[in-house]
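Biologist: I am new to this structure and would like to understand the reasons behind the words used for it. Could you show it to me, so that I can ask about it step by step?

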Amino acid sequence: MDKVKIYVFLEGVEQEKIQTDFKPLSFDVKFHDVKGKNYRCAVPKLNKEIVPEKCKVVVKPTRVFISLFKASKGDWPDLYSKEDKLKPNLDKEQDPMAGIMDLMKNMYEEGDDEMKRTIAKAWTDARSVKAEDALKSYR
């Protein structure tokens, strides 16, 4: 197979209101003013390289096809690169908590708004519990 097709089930998309940005290892497709809303389909780090000038977006009445042309033939086990981002750094000299912090930082940077809110709330809650514990020791 020389291409990967992504199906986006979205009605009311107009071809002239689509903004595309295809790069060798990423793509970003924005759908503007679809029934009054904007949508986006993006992968910041693809599993393998694509040929940006051959990639295209085709609009149908109830869906949109995003065709990514592979730079080299072969199977893609995943669309996203799994590049050890979710593995904590296991450097023996480093504090074990630093690996967890790196993992949380990556999740925050790449997460959607809901993920960012959840992580920010957990961080705030954890800090307020620490502050309460510190105050108890002075009583």
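Biologist: Among contacts in the protein between residues at least 6 apart in sequence, what percentage join residues at least 24 apart?

Modeller: This is a predicted model, and in it 52% of the contacts between residues at least 6 apart in sequence join residues at least 24 apart. Along the sequence the pattern is β-β-β-β-β-β-α-α, with two helices and six strands in the protein.

Biologist: What makes Arg40 and Asp28 a salt bridge?

Modeller: Their side chains meet at 2.5 Å, N to O, and because a salt bridge asks for a side-chain nitrogen of Lys or Arg within 4 Å of a carboxyl oxygen of Asp or Glu, the pair qualifies. The pair links distant parts of the chain, with Arg40 in strand 4 (residues 37-43) and Asp28 in strand 3, twelve residues apart.

Biologist: Why is Asp28 called buried, and why is Arg40 called exposed?

Modeller: Asp28 has a relative accessible area of 15%, and buried means under 20%, so the word fits Asp28. Arg40 has a relative accessible area of 57%, and exposed means over 50%, so Arg40 is called exposed.

Biologist: How do you know that Asp33 forms a salt bridge with Lys17?

Modeller: The closest N and O atoms of Asp33 and Lys17 are 3.0 Å apart, and since the cut-off is within 4 Å, the pair therefore counts as a salt bridge. Here too the pair links distant parts of the chain: Asp33 is in strand 3 (residues 26-34) and Lys17 is in the loop between strand 1 and strand 2 (18-23), 16 residues apart. Glu14, Lys17 and Asp33 are linked in a network of salt bridges.

Biologist: Why does Lys17 count as partly exposed?

Modeller: Lys17 has 29% relative accessibility, and partly exposed covers what lies between under 20% and over 50%, so Lys17 belongs in that class. Asp33, with a relative accessible area of 40%, is partly exposed as well.

Biologist: Why are Arg117 and Glu114 separated by about one helical turn?

Modeller: They are separated by about one helical turn because they are three residues apart in helix 2 (residues 113-136). Their side chains meet in a salt bridge (3.0 Å, N to O).

Biologist: Which residues form a positive surface patch?

Modeller: The patch is formed by Lys5, Lys56, Lys60 and Arg63, and Lys and Arg count as positive, so the name follows from the residues in the patch. Lys5, in strand 1 (residues 3-8), has a relative accessible area of 41%, and because patch residues need over 30%, Lys5 passes that cut-off.

Methods
Residues are numbered from 1 along each chain as its sequence is written. This is a predicted model: local features need pLDDT of at least 70, side-chain atom pairs count only at pLDDT 80 or more; totals for chains, interfaces and linings use all residues. Side-chain values use heavy atoms; hydrogens and water are left out. Patches are made of residues with over 30% relative accessible area and no salt bridge: like charges are joined within 9 Å, nonpolar side chains (Val, Leu, Ile, Met, Phe, Trp, Tyr) within 5 Å. Accessible areas come from the Shrake-Rupley method with a 1.4 Å probe; for residues, only the protein chains shown count as cover. The place of a charge is taken as NZ of Lys, CZ of Arg, CG of Asp or CD of Glu. Helices (H or I, at least four residues) and strands (E, at least two) are DSSP runs, numbered from the N terminus. Buried means under 20% relative accessible area, exposed over 50%, partly exposed in between (1.4 Å probe, protein chains only). Contact means heavy atoms within 4.5 Å.
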